[in-house]
Amino acid sequence: MKRRQFLQLAGAAAGTLALSGCSAAGWGFRGDGGKTVDLTYALWDANQQIGLTKSVAEFMKRNPNIRVTIQQVPYGNYQQKITEQYISGNAPDVFWVNTPWLADWGRGGVLTDVAPKVKQAGIDMSRYYPALVDLHTDGDHLWGLPKDWDTICFFYNATHLAKCGYAKPPTDLEWNPTDGGSFLHFLKRITLDKNGRSALDAGFDPGNIAMYATAATNSYQDSFGNYMAMNGGSMLPKPYATSSTMNSPQNREMFSFITDMLSAAHVIVPAAQTGPNGDSTNVETLFASGQMALWMTGDWNTLTVSQLSGFKIGVMPMPSGPKGRISVFNGLIDAIVSNTPHPKEAWQLVQWLGGPESQRIMAEGGYVWSAIKELDPLFLAYWKKKGLDMSWFLDAAHGKTVNFPVATGMQEALTNVTTTLGPAFLGQEPVASSLAAASEIFDYRISYASKK
Amino acid sequence: MTGVAQDLPVKARPAPAKKAKNHVPAAERKRHLAAYGLLAPSLFGVLVFLLIPVIFVFVLSFMKWNMLNAPAFVGFSNYIDAFRYEGAWHALVVTFWYFLLNIPAQTVLALGMAMLMNRKGRFTAVIRVLCVLPYLAMPVAMGVVWQWIFAPQTGVVNTLLHLIGITGPNWLNSPEWAMPVVAFANIWQYVGYNMLFFLAGLAAIPPTVYEASAIDGATAWKRFWHITLPLLRPSMLFVVVTGAIGSFQVFDTVYVMTNGGPGNATTVMNMLIYNNGFVGFRFGTASALSVILFLVILVVTLVQFRYFQKRAVYEMV
Amino acid sequence: MTFNAGLRKTLYVIVLLLIAAVFLTPYIFSIFAAFKPLAEIQADRAWQPPSHFTWDNFVTIFTQYHFLNYLGNTAAVTIILTIGQVLFSLLAAYAFARIQFPGREAIFWGYLAMLMVPNVVTMIPLYMMMSAAGLTNTYWALFLPYVFGTPYTVFLMRQYLQTIPGEIIEAARLDGLGETGILRRVVLPLARPVILTATIIAVIFGWNNFLWPLIATDSNDLQVLSVGIANFNSNFAQQWNLVLAGSLVALIPMVILFAIFQKHIVNSVNLSGASR
């Protein structure tokens, strides 16, 4: 009897639990009606969400008939999730789009072309960085309004650099694939072993390194993509290409520079330690724990860096290569899904988000560099007050840049390239054959959508 | 056995199973209808959610579709692409490697534990239950615990190794160690459950068999090898076959612990299918990979049945 | 002789305790970690008992992450799935085991053949079918593929029902009972052990199911435990503390269920004929 009573109780508890957690929407009842329009806005960055919540609150004040809910989708499966939602017809109305999947969504019909809307609303697109507008244009189509940009620089451990004799960071270093240039010399000077000897020293002990100069990770945007452009190489001949220019002598030179020259000099963290596949969490940990002096990365890590303690941090520019100093340039857009039930209201939201008032809120709060050129000083000012001078990132944006490559299948293509280049980074395979194999699979991916 | 039936007088042989087609008594017909009625729901489920999808997958494997654009017929190119670009061969090798790391060790351990704990007593009973506890854990959740236990700097394993002076490798980031660690996690989860099958098998062996051999003076090892093991064949078959089918379909643990990495060192077939289908939205290629996996499992299962001989199969059915 | 026996007994106890330790240790670590703040887990001595014991993780998952929703979703789906699976499998198993009807063997071998189909083979078309029917991201998608009974459960129950003596069934038939009557009055009371076993198997399966819910649902409200917990970790930081707190909460119902019914789980093993 006791057991039966217990079972009945357990059954009741389970039932109550089930009912309490259930939602009517779960059964397919999508409630509807009323004068307010409900929009969902999806993004992945929890920090930017704070600023955007403020911006969206202001938008809702000015448009009382529109209610916006912000949804955070983890970056790891963002593209996949939103695509799935689009297929089942319940994608968010407005969402962020990053360049690796821009072409897939644009050419796949997931996004609304806002070019005619921009024309009708008379928006002056010259307020944005021209490179950003180019990045998101596909012939006559424009896939959304630019919201921000990023470039690549080094965050450096100022305490350590001072110890090595650099009160101020060098800003005119040069590298080349033949002998490494003044850049390699500098890296050697700041790589120290456990006895305090630098890599320039004859008694340097490469088996016992206390502080590496930097890392050259197997990742395009914040690592080899920059060196690639500086050496005159490229991934694609033009956006939306279906075959790459990856397997070129310039790129071979550049990869050898990283996998052979820099690792032979022991100035970079071995790939086995960073992980051969470009995952940035390891490099971040190495910088944070004081084992690496320079962290080559984009300004999306500003908040993380500002929260580190234990040493002073500064920003210095990348070295210039044979073709000068070139940074990979990328930015996001706010886009409208093509099957939204509320196209008019969604466009109102996107106009707001792409406009100076919203972007002012984001720049002032130090969340991102605004896509609108004239608002950049606000971002700079915010971080200067926090003791971090971000000018070199701005300098890179005003200098020579190369847009993040755009092609269908790019997200997976880049992942596959990274996987294929892994052994080269680990020193297990020669660069030439790895690059050839990487190029083959890269070509397969970017041409898949268009081949019959 | 075969000679007996012939000795029976014709009258005593069982009545032929077939009746005249139209002569089905009403009571029997009612029973047939009742049977079909009882069968209907599960048959519906099997048809709609198993059989039709299988047929669908075969058809889809010859097409190219990403659910955004219209589907197109592409013949065998998905199968070719699967091996040429998608790494199907590598995935099969990795899956087979996982199977080899997992099943033999797990079977031996399960058997060993069953032999060890095949006795009465409260203490033994409690330990037995503790061994089955891992079976209840969400593979997803445990995968995370293992990730943390095997973490390079802060993990338990490397901390312990450090105490005896060894620097442990970056387990889950190293192409050599990632798979063994995943296999270990899986063994931990299921060895207790498999032990139960062997315990049941051991319980079915009549003690008289052992008494006879003891009289003959057989040693413990001889007893085990010549009596216990052969009599355990049905349990062995069950454990190995279901274990093999399960290991060729592993996904949860890999997804959470390594997501197929580092590189593609742990990209098992199921992971490849998932990546092609639900990340790359290449449903045609993913279907082709599914068909390939299905055929592999079929072959492996048939080989195992052949190895364990038909006798054990009929004992199961 | 007694010294030898005593030594062997001690050795036996030690070995068993070691084995138990291997199985319990990951659980113990996860319990410790569930009560620690994230910073402590990332620190050096991550596997020691918490020095800053805190309930925060549990609070966070329930307030910030709709964990109650996950629990509710999983419970709802599991209950429906279990009831349907056990009931319909029982009906089919009885038909296979104790009724003679044309096509019986063929259909049953068809069920067995389906056992060998890898789950992933069916998931792609199931996803497409659910999409076309507008059922992705609903509870329907989560339990429909399993609620009508599965070949494994049918097989399991059929083996057991075959051990019910045929004479009892025949006698009931002669008494004039229809098949459903026989099921209700005769079979049901006798089949209680296998029903219990099938229930436990279905519950554990439904509770821990991961791949299909991962594919079939993508809204935060509809997450089941397995996917929700996995998602804690795919944000920017590895939020070990939340994952372990969540999995601990998810584990508790299963452990309770197991503790009550563990004898029957062992019995399920006998019924699949593996011992014969």
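Two strands are taken to pair if DSSP finds at least two bridges between them. In the predicted model described here, strand β8 (residues 152-157) of chain A meets this criterion with β11(A), the two running in the antiparallel sense over five bridges. Within this pairing, Cys153(A) has Thr297(A) of β11(A) as its bridge partner.

Strand β11 of chain A, which covers residues 294-298, is mostly covered, five of its five residues being buried. In a regular strand, side chains alternate between the two faces of the sheet. In β11(A), both faces are covered: Leu294(A), Met296(A) and Gly298(A) are buried on one side, and Trp295(A) and Thr297(A) are buried on the other. Thr297(A), the bridge partner of Cys153(A), thus belongs to a strand whose two faces are both covered.

The chain that contains these strands comprises 19 helices and 16 strands. The C-alpha trace of chain A spans about 75 × 75 × 55 Å along its principal axes. Its radius of gyration is 25 Å, which agrees with the value near 22 Å that a compact globule of 452 residues would have. Of the 452 residues in chain A, 46% are buried. Among contacts in chain A between residues at least 6 apart in sequence, 74% join residues at least 24 apart.

Beyond chain A, the contact between chains C and B was examined. Chain C contributes 69 residues to this contact, and chain B contributes 69 residues. On the side of chain C that touches chain B, the largest share, 13 residues, is supplied by helix α14 (residues 240-271) of chain C. By class, this side of chain C has 49 nonpolar, 17 polar and three charged residues.

Definitions and conventions:
Residues are numbered from 1 along each chain as its sequence is written. Chains are lettered from A and ligands numbered from 1 in the order in which they are written. This is a predicted model: local features need pLDDT of at least 70, side-chain atom pairs count only at pLDDT 80 or more; totals for chains, interfaces and linings use all residues. Two residues are in contact if their C-beta atoms, placed from the backbone, lie within 7 Å. Helices (H or I, at least four residues) and strands (E, at least two) are DSSP runs, numbered from the N terminus. Ala, Val, Leu, Ile, Met, Phe, Trp, Tyr, Cys and Pro count as nonpolar, Asp, Glu, Lys and Arg as charged, and the others, Gly among them, as polar. A residue is buried if 20 or more other C-beta atoms lie within 10 Å of its own, exposed if 12 or fewer, and partly exposed in between; C-beta atoms are placed from the backbone. The radius of gyration is taken over C-alpha atoms; the globule rule is 2.2 Å times the number of residues to the power 0.38.
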